[in-house]
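Trainee: I would like to request a close look at a single part of this model. Please take one residue as the starting point and then set its surroundings in context.

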Amino acid sequence: MLEVKNLTKVYDDGTVALKNISFTVEDGEFLIIIGLSGSGKSTLLRCVNRLIDPTEGDIIWDGVNLAKLEGEELRKARRQIGMIFQHFNLVRRSSVMTNVLSGRLGYSPTFQTMMHQFKESDREKAWQALERLGIEDQAFKRADELSGGQQQRVGIARALMQDPELILADEPVASLDPVLAHSILTYLERLNQEDEMTIVCSLHYLDLVQRYSTRVLGLREGEIVYRGTREEIRAMTDEEFQEIYGEQAQRVTGGLEGNLDEFGLGE
Amino acid sequence: MNHRKKPEQEARKPSLVPPYLAGLLSLVVPGLGQFLARTYRRGAILLGSFISLVGLMIWRIQLAGKRVEGALEIIQKAYRLRPILIVLTVLMVIFYLWIAYDAYLMAKRTRGTPLGLIFMVLIIFFIMGWQIGDINPVALVTDLDEAAGPLSEVLWPWERAVTYPEEEIIAIMPIQVPCTESDPPDVPDYGEGEPRLEAEPRCGQLSEQGGETGTKITLHGENYLPGKTVNILWEDPIGNEFRARQGGEYVKVVPDENGEFTIDIVLPYRLLPPSATEPSYIWDLKARQVTSLGAAQASKELKLAIEKIIETIFIGMMATFFGVIIALPVSFLAARNLMSANKFTLIIYYIARGVMNIVRSIEPLIWAVIALIVVGLGPFAGIIALTIHSIAALGKLYSEAIESIDPGPIEAVQATGANWAQTIMYGVVPQIIPPFVSFTIYRWDINIRMSTIIGMVGGGGIGFLLIQWMRLLDYKAAGIAIWFITITVAILDYVSAEIRERFV
Ligand SMILES: Nc1ncnc2c1ncn2[C@@H]1O[C@H](COP(=O)(O)OP(=O)(O)OP(=O)(O)O)[C@@H](O)[C@H]1O
Ligand SMILES: [Mg+2]
């Protein structure tokens, strides 16, 4: 269970990105965070695995307060939390394999990894992850030679290498077209349902939110302005959605029925 | 926003003086009228251009009218010698009047572009530059036939690249000058089968200028190679060797099939420092045959050029090596994203950047001259010069590569629970290796190019040979050096492009 209590983040320049936020994510949930650009979604997700330090508040994960961890303990905790990024954040000039294996760094001895040596079991695991995402034949290409959808799958494979119990996904499909968006989210859904991983994901598209979420949080200017269950969000109309979400709200429906022309109008 | 508004405001404010006065004032001091019409920048530019043009004119006129007294005479002489100065003067006068007219227009608040005036200034500067630069396109053509010889030697210098080993066949006969009571010196002991000479008489009188011809000596030689020219030489008592001349021609003779010859030699005219102590002197009469034997060999020049081109390549290599080693740590200090953490590191960043910019703006040749003062002539000075320049150039390129690192992958690696060393190895290193390699190869390329000319100021390498041979007018040898430089640089170009393509 992930428990966020009174979380506040003030950036060095004085921007208050999160204002006293509290919420709970039960194990096995697929929580989707929606909100305008600048509402604090990334800040929230990055506070959880401490890519940025919260100013105040607690983040309790498995009984450990992540907000207070330092050094070795923080690294141990990070291993349990996979992260998927909007821009994939792969090392572009490294091979797909190296990128995937880097997900295992937290479990590997420093000296061996400096020589690019990984345990045989880790390599095996990497192949399994690539196979699961259907990109095993890309393993030795350079990461930047892959298409966007393939790169995001590499990103997921890298996260899988951590054997995570929680996956943070910061707009994982924002730089992909709608068909790819569905395919990536389907992978996440599978991890959620088959592997029972808890998923916290920020998203933009209403129908994706309706289709994949078990629960929804709405953020505006660093505050939670909406909390909804799966049922509530499915019953929601576009107008209601835009009210909490703002102008950026958009649908990508039709994509799966094959009306491809509409995709181009998405932006 | 701000800078756009300014000219408009400037234009809207009324002139401080009426138009005709502005024009008159600009006749007194060019640009003054524009100032008072509140077109300050225009006034400043016109005043600046006018003053510098007048200054340049005065200088050119003085230079052309050298060595005469009085201003008028100087100007007259200058105009006579360099008619183009008259053209310039006329243009200057037009420019001067135009400035006044422009001031009138400005004060009337007419909106005129200064394009015409700028064009005028450019034309005057251009003509002036033509004159100062001594530009003479005709010289490209007129001296071409004179240059054709040396040029073709430079283009195809390869006969200078080989030599044939030579052997000298020589015999010497001492002759006493003048004849005295004492006997002439002994005939040398010629070896069995060696060339030998006989002379009759063995002593005599030198020729006198415009007077009597000297004693005629009949010289007989044996054991020479048949059919090959024998040159006759004299060596005077103070050791100067010169070829014997008779009737304006060098004396030479071809031995018969037995290797024998006989020829008459007249004692030459020579002025020698008088020495009262000696009653007579010994002149050596020599008969010399030169034969080349064996296969072609690399000439001295070719060997030198090879040695020096190797030295050149190594100068470039060592400079790159030292440059990289020092530039690596320096580049981290000069990377803004690493150094903007606090004021102290930011100051270090500015210092590192500043020093590198200054050092880089000074050409390696100048660094070489400075290094020469410290370590003296030779390759080490060249290495120091190129190293200094490389540190600055590479430091800047490296630090820019560091600055353009994408923080995304670094965060992603961090998020997996990797420690600091692992994050560097997997997040940072793969991003900076390719640009670093590419820049290093590029620098290596530049350094070897530079090392080919750094020798011209004494910094070692082939440049030194080139400039030396050029000064000795040994165009063929210089041609060899130029060929070597060209070939080396071409190969290097290809190799470095190839390597860079692999890495980036
Ligand atoms: N490093 C930073 N320094 C200062 N302010 C920041 C920083 N990062 C984000 N902010 C500010 O914090 C607020 C929240 O930003 P955040 O990136 O979390 O928004 P977001 O919801 O992820 O937006 P988007 O949908 O555009 O990604 C914004 O006002 C942003 O300008
Ligand atoms: Mg964001």
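Mentor: Let us begin with B:Tyr101, which belongs to helix H6 of chain B. The model is a predicted one, and every value below is computed from it. B:Tyr101 has a relative accessible area of 47%, so it counts as partly exposed. This tyrosine is a member of a nonpolar patch on the surface, together with B:Tyr20, B:Leu21, B:Leu24, B:Ile86, B:Val90, B:Ile94, B:Trp98 and B:Tyr104. The accessible area of the patch as a whole is about 840 Å². Two helices of chain B, H2 (19–28) and H6, each supply at least two of its residues. H6(B) contributes the largest share, six residues.

The helix that carries B:Tyr101 spans residues 84–107 and also holds B:Thr89. With a relative accessible area of 24%, B:Thr89 is likewise partly exposed. Ten residues along the chain separate B:Thr89 from B:Tyr79, and their C-alpha atoms lie 9.8 Å apart.

Beyond this helix, chain B has several backbone features that merit attention. Most residues other than glycine have a negative phi, and most peptide bonds are trans. B:Asp134, which is not a glycine, has a positive phi of about 55°. Its place is the loop between helix H7 (115–132) and helix H8 (137–142) of chain B, and B:Asp134 is exposed because its relative accessible area is 60%. Further along, the peptide bond between B:Val177 and B:Pro178 is cis, with omega about -15°. B:Pro178 is located in the loop between strand S2 (166–177) and strand S3 (196–200) of chain B. Another cis peptide bond links B:Glu200 to B:Pro201, where omega is about -10°. B:Pro201 sits in the loop that runs between S3 and strand S4 (216–222) of chain B.

Chain A offers a positive phi as well: that of A:Asp62, also not a glycine, is about 55°. A:Asp62 lies in the loop between strand S4 (56–61) and strand S5 (64–65) of chain A. Its relative accessibility is 48%, and A:Asp62 therefore counts as partly exposed. A:Arg50, just after helix H1 of chain A, takes a positive phi of about 65°. That helix, residues 41–48, is mostly covered, with seven of its eight residues buried. Among the buried residues are A:Leu44, A:Leu45, A:Cys47 and A:Val48, and also the charged A:Lys41 and A:Arg46.

The interior of chain A can be described through the largest nonpolar core, which has 53 residues; A:Ile156, A:Leu185 and A:Leu188 touch the most other members. Elements of chain A that give two or more residues to this core include strand S3 (30–35), helix H5, helix H6 (148–160), strand S7 (166–170) and helix H7 (178–194). H7(A) gives the most, six residues.

Chain A also presents a charged surface feature. A:Glu120, A:Glu124, A:Glu131, A:Glu136 and A:Asp137 form a negative surface patch. One of these, A:Glu131, is found in helix H5 (residues 120–132) of chain A, and H5 is also among the elements that give two or more residues to the nonpolar core.

How values were computed:
Residues numbered from 1 in each chain as written. Chains lettered and ligands numbered in written order. Predicted model: local features only at pLDDT ≥ 70, side-chain atom pairs only at ≥ 80, totals over all residues. Heavy atoms only, no water. Patch = residues over 30% accessible without salt bridge, like charges linked within 9 Å, V, L, I, M, F, W, Y side chains within 5 Å. Areas by Shrake-Rupley, 256 points an atom, 1.4 Å probe, with all protein chains shown as cover. Salt bridge = Lys/Arg side-chain N within 4 Å of Asp/Glu carboxyl O. Charge placed at Lys NZ, Arg CZ, Asp CG, Glu CD. Helix = DSSP H or I, 4+ residues; strand = E, 2+ residues; numbered from the N terminus. Core = buried A, V, L, I, M, F, W, Y, C linked by side-chain atoms within 4.5 Å. Buried < 20%, exposed > 50% of the residue type's maximum accessible area, 1.4 Å probe, protein only.
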